[in-house]
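The following exercises concern the architecture of a single protein chain. Each task is followed by a solution in steps.

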Amino acid sequence: MIRTKIIDVLKSEVSDKEFLIKGWVRTRRGNKQVNFIALNDGSTIHNLQIVADMEIFEEELINRVTTGASISVSGILMQSQGSGQSVELQAKTIEILGDCCPNDYPLQPKKHSLEFLREIAHLRFRTNTFGAVTRVRHAMIFAVHNFFTSKGFVNIHTPIITSSDAEGAGEMFKVTTLDLNNIPRCEDGKINYEEDFFGKATNLTVSGQLEGELAALALSDIYTFGPTFRAENSNTSRHLAEFWMIEPEMAFYDNNDNMNLAEEFLKYLINYAMNNCMDDLKFLSQRLIEEEKNKKAEERSMELLAKLKFVVDNEFVRLTYTEAIEILKNSKPNKNGQFKYPIKEYGCDLQSEHERFLVEKHFKRPVILSDYPKEIKAFYMKLNDDGKTVRAMDVLFPQIGEIIGGSEREDNYEKLTARMDQMNIPKEEMWWYLDTRRFGSVPHSGFGLGFERLMLFVTGMGNIRDVIPFPRTPKNAEF
């Protein structure tokens, strides 16, 4: 008999048809006459109730059906006699596939803290919360590829090992095969990277953007979706050392085209989640409500499904950084000293509290900010005619602040090299990037979406370590 997944069994009509299912035991309860087993195989948030008649099964076998054990069950689907489920499986056979020692198994049928579950990340997939998050994550991965493929984009795999620093931040993980106990050095005492594997200093990438631009200036519309790395020693609920980035690059797009695509993309992803992950989203919404029930009303998060609809049902507001600064300077929180980082003058970098004020309080809609001061943005962003601002754009969401950052790219060779000189970006190491401005340059734009930041928004989870299977953070590289 072929195995049927529980998600499909729960959609089936009651009949005399026999089903074979396999999964992991969540709970077992009962008496000497009958036992009820809650079984889950990861295909859905919902368990299937197995009814085991003790006249058929030996007590020794049923006693091995403990929480965490894996079993194979065949039986007939019946209308449920109890509450909590519409159907149940009347077991004909039960086979133990894998015993689970009840004394050692850490996932007992009770509530566990998220902190505890991070310590057993190899098992946390078996919980309702992380099963739901993982299924939503898969759906979002599929939706990303679906969206760009439907629009004729080409997926590009950009290097994980690189010798360039796209952000100019310098917080990169070094890649080397040198013997750290016997590092070769030059006469001046510096490390002799000529003896290293690549013959030069290399790092793990912080972005695939620069290489993505090379492909866009031949294929027109491309996107990357890959792992990126930051060696930033930030132990917060918003930072990871390893995370995934989605970075489209589009030739012949100006910054308005860029903003249009970003808004369309985000609405597509969230609509996809609501149309395909509703059972998991409802569970995650209820989880968040329970988690925050003791908070004051004004401190609670927006209900998850309402928050998602807030994005898809509203046209995003667009305004310049200059306009946003004036709004923030004159806002009540700023005048009353309620901002942790007061807005005093033009040129300051906006913090999450400022971005959320614009979205949640002032406009009550998602916001796209554009035309930032050049001093607070990257060297590759196109300079506006005023010589002071660049054609950057950031998309701001409720409860999370910036979710997308992007810009029109500087396509003029002289202006780009001048910016690189101003920001101490070594031109000789970026010759390949500059070549694209010498050989048939065109206006082009792109943006970056941190996938885990999107996952925080879609799932309502509060810590970024809970939306990636195996988080990499300072002092933590387990599993």
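**Exercise 1. A small open sheet**

How many bridges join β7 to strand β9 (residues 202-204), and in which sense do the two run?

Solution. The model is a predicted one. Step 1: β7 and β9 are joined by two bridges, and the strands run antiparallel. Step 2: one residue pair can be located at this pairing, since Ile-161 stands opposite Leu-204 in β9. Step 3: the sheet as a whole is open, has three strands in the order β7-β9-β8, and is paired antiparallel. Step 4: β7 (161-162) and β8 (174-175) each have a single partner strand and stand at the edges, so one side of each lacks a neighbour in the sheet.

**Exercise 2. The barrel**

Determine the strand order of the closed barrel and describe one of its pairings.

Solution. Step 1: the closed barrel consists of five strands in the order β1-β2-β3-β5-β4, and its pairing is mixed. Step 2: on average, neighbouring strands in this sheet are turned by 55 degrees against each other, direction ignored. Step 3: strand β2 (residues 34-40) and strand β3 (residues 48-53) run antiparallel and are joined by six bridges. Step 4: within this pairing, Asn-35 faces Ala-52 of β3 as its opposite residue.

**Exercise 3. A covered strand and its partners**

Is strand β11 (residues 242-251) mostly covered or mostly uncovered, and which strands does β11 pair with?

Solution. Step 1: eight of the 10 residues of β11 are buried, and the strand is mostly covered; a residue counts as buried at under 20% relative accessible area. Step 2: strand β10 (residues 221-229) pairs with β11 in the antiparallel sense over nine bridges, and Ile-222 has Glu-249 in β11 as its bridge partner. Step 3: β11 is also joined to strand β16 (residues 444-450) by five bridges, again in an antiparallel arrangement. Step 4: in that pairing, Met-250 has Ser-445 in β16 as its bridge partner.

**Exercise 4. Classifying a helix pair**

Why are helices α12 and α13 classed as roughly antiparallel to each other?

Solution. Step 1: helix α12 (residues 413-422) packs against helix α13 (residues 431-438) at an angle of about 155 degrees, and their axes are 9 Å apart. Step 2: angles over 145 degrees count as roughly antiparallel, and the two helices are therefore placed in that class. Step 3: the contact is made by Tyr-413, Leu-416, Thr-417 and Met-420 in α12 with Tyr-433, Leu-434, Arg-437 and Arg-438 in α13. Step 4: by character, the residues of this contact divide into five nonpolar, one polar and two charged.

**Exercise 5. Cores and overall burial**

Which residues touch the most other members of the largest nonpolar core?

Solution. Step 1: the largest nonpolar core holds 98 residues, of which Met-140, Leu-281, Val-395 and Phe-397 touch the most other members. Step 2: beyond its neighbours within four places in sequence, Met-140 is in contact with Leu-269, Tyr-272, Ala-273, Phe-451, Leu-454, Met-455 and Val-458. Step 3: another core, of 23 residues, lies apart from the largest one and includes Val-25, Ile-37, Ala-52 and Ile-62. Step 4: for the whole protein, 50% of the 479 residues count as buried. Step 5: among contacts with a separation of 6 or more, 67% are between residues 24 or more positions apart.

Conventions. Residues numbered from 1 in each chain as written. Predicted model: local features only at pLDDT ≥ 70, side-chain atom pairs only at ≥ 80, totals over all residues. Heavy atoms only, no water. Core = buried A, V, L, I, M, F, W, Y, C linked by side-chain atoms within 4.5 Å. Buried < 20%, exposed > 50% of the residue type's maximum accessible area, 1.4 Å probe, protein only. Contact = heavy atoms within 4.5 Å. Pairing = 2+ DSSP bridges. Helix = DSSP H or I, 4+ residues; strand = E, 2+ residues; numbered from the N terminus. Axes fitted to C-alpha atoms, helices over the stretch in contact; angles between N-to-C directions. Parallel < 35°, antiparallel > 145°, perpendicular 65-115°, else oblique. Nonpolar A, V, L, I, M, F, W, Y, C, P; charged D, E, K, R; others polar.
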